[in-house]
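The following note is offered to a colleague who wishes to read this structure at the bench. The points are numbered so that each may be checked against the coordinates on display.

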Amino acid sequence: MSNRRFPFTEGDPILSNSQTLPRADRMGGRAWGVLVVLCGAIFLEGIDVAMLNVALPSIRAELGLSTATLSGVVSAYVLGYGGFMLLGGRAADMYGRRRMFLAWLVVFLVFSGLGGFATEGWMLLLARFVTGVAAAFMTPAGLSIITTSFEEGPKRNKALLFYAGTGAGGFSLGLVIGGLLTRIDWRWVFFTPVILSAVILLAALWLIKEPAGEERVPRRLDFPGALTVTVAMLLIAYAVVRLEHPGQGWGWTLASFAGGVAALAAFVAVERRSPAPLVRLGILKSGPLVRANVSALLFAGSFFGFQFLVTLYLQELRGWSTLETSLALLAVGIDAILAPTLTPRLVARFGNTRLIFGGLVLAAVAYALFLPLGLDWTYAAMFPSMIILGLGFALAYGPLTIVATDGIAEDEQGLAGGLLYTAFQFGAALGLSAVTAVNVAALGDGSREAALGGFRAALVVPLVMAVLAAIVIASGRQRVSAKEARLASEEAIPAS
């Protein structure tokens, strides 16, 4: 296999003689440097979202934002991220992964800083939308740099598990860091990512190189495909966000869904006729890829829905502070430690599919244990759910990333990353919308007991999503087992 395709292999010119890899599963100095930079970028994306979530009440108090505008600050990021993710992933394949990563990291840096200087709601809305677009281009580019730089097998698995653990750790730590920074000034929630972005950018300029000797063939952008898929994703993302507000009526929500589906159908028609399609539709014939993305969507929905409900329960029903709530959720962040240390060994022994299934089952158990929550629950009663969920996340998240990119051609790795992160983003939005809708519908007379009943009813949503995700993964395992049994029986029959 050529070193040009996988730069971090023994004897590659991108590494000096002192940096060559003595073993196939060991990474050299520059390989580790590149991985740390890319992990820093996904950590940045996770911490940025988490810090903003805990700072929203302070932002509303200072800027005098309405509830609709405050919700829009979160929704704007979701629209930008979900709407442009597929285009961002494909752009990395077509125009250079390093180029897309660096350029959009700069955009992320600039608009995060502008958000910190906002004095009115529209400024925050604009800053968060463009920041979401930047993340939509930057994130799949970073993932595809890993999958095209490390050869399939233990080395790539190790890199992806470090990457996944860092991203999850960013979100977990962001809750705590956001609580601390908000006590100083909520604007530091926007300025801190600027500092991190600048450090990552300087390191990336030095460490990340395009594969030596690779000639990228210029391609004409499939403009009709890019336009229709972006419109489709924006409309569907907007419709999902509107599900959180059933009181605003169903007209625009249904119209957005219908428009998004129509644009998606137009996109499929365009791609079938295009001589150089933006997205090769045949990639969706990969059963493991489709199952991984569906499971990722459901898993993300269950996790973010659960985290949202726990935050509301602790702050609004129990009166806990933002920092206390963040510390309560910190136990889930154990996955940031386990993902790069324990998970690679388990993957090598049991395989990705079994680990994903086990992680999803543990997540379902964690949600089930939280169902009987009461008005006077101690943290000791909540802790088993937190720690089990962290373990489940460590088992499932990284292996899902591996399965979603395994066996995909090098020139479609950006697209595979775009599909995966689109699934995560839409899953998160769908989970938040579903738990919000159920919680609002079950609130009752507004008493504390009725509010508790609303939380209990809404907690069923994450449980159902986790169970469905486990069923999807299990169905793939059954197909593999059936295929293996059929092949074994065919081999046992002697040739006539």
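1. A cavity, as the word is used here, is a set of grid points where a 1.4 Å probe fits but cannot get out. The model under review is a predicted one. By this criterion the structure holds five cavities of 30 Å³ or more, and the second largest cavity has a volume of about 70 Å³.

2. The lining of the second largest cavity deserves a residue-by-residue reading. Phe-171, Ser-172, Leu-175, Phe-303, Phe-306, Gln-307, Leu-329, Val-332, Met-386 and Leu-389 line this cavity. At least two lining residues come from each of α5, α9 and α14, the last of these spanning 379–405. In character the lining comprises eight nonpolar residues and two polar ones, with no charged residue.

3. Helix α5 merits a separate point. It covers residues 154–184, a run of 31 residues. From its first C-alpha to its last, α5 reaches 44 Å, close to the 45 Å expected at 1.5 Å a residue. A kink of about 30 degrees is nevertheless present in α5, centred on Gly-174. The helix is mostly covered, since 22 of its 31 residues are buried.

4. Gly-46 belongs to helix α1, which comprises residues 29–63. Is Gly-46 buried or exposed? Its relative accessible area is 6%, and Gly-46 is therefore buried. The C-alpha atoms of Gly-46 and Leu-173 are 8.9 Å apart in space, although 127 residues separate the two in sequence.

5. Helix α3 runs from residue 97 to residue 116 and has 20 residues. Its reach from first C-alpha to last is 29 Å, close to the 28 Å expected at 1.5 Å a residue. The buried residues of α3 include Arg-97, Met-100, Phe-101, Leu-105, Phe-108 and Leu-109. Gly-113, Gly-115 and Gly-116 are also among the buried residues of this helix.

6. Gly-116 leads to a contact with Arg-187: the backbone oxygen of Gly-116 lies 2.7 Å from a polar atom of the Arg-187 side chain. Arg-187 is found in the loop between α5 and α6, the latter covering 188–207. Why is Arg-187 counted as buried? Its relative accessibility is 15%, and the term applies under 20%.

7. A second arginine, Arg-318, is found in the loop between α9 and α10, where α10 spans 322–329. With a relative accessibility of 23%, Arg-318 counts as partly exposed. Arg-318 and Leu-375 are 57 residues apart along the chain, and their C-alpha atoms are separated by 7.3 Å.

8. The remaining point concerns the second largest pocket, which contains about 550 Å³ of space. Which residues lie nearest its centre? These are Leu-86, Met-233, Leu-284, Leu-419 and Thr-422, out of 23 residues that line the pocket.

9. As to the origin of that lining, α7 (223–242), α8 (251–273), α9 (287–317) and α15 (413–441) each supply at least two residues. Helix α15 gives the most, with six residues. The lining of the second largest pocket divides into 20 nonpolar and three polar residues, and no charged residue is present.

How values were computed. Residues numbered from 1 in each chain as written. Predicted model: local features only at pLDDT ≥ 70, side-chain atom pairs only at ≥ 80, totals over all residues. Heavy atoms only, no water. 1 Å grid on protein atoms, 1.4 Å probe; cavity = no way out; pocket = protein on both sides within 12 Å on 5 of 7 lines; lining within 4 Å. Points joined across faces, edges and corners; volume = space filled by probe spheres on them. Helix = DSSP H or I, 4+ residues; strand = E, 2+ residues; numbered from the N terminus. Nonpolar A, V, L, I, M, F, W, Y, C, P; charged D, E, K, R; others polar. Expected span 1.5 Å × (residues − 1). Bend = angle between axes of the 7 residues up to and from the residue. Buried < 20%, exposed > 50% of the residue type's maximum accessible area, 1.4 Å probe, protein only. Polar contact = N/O pair within 3.5 Å; in protein donor to acceptor, adjacent residues only side chain to side chain.
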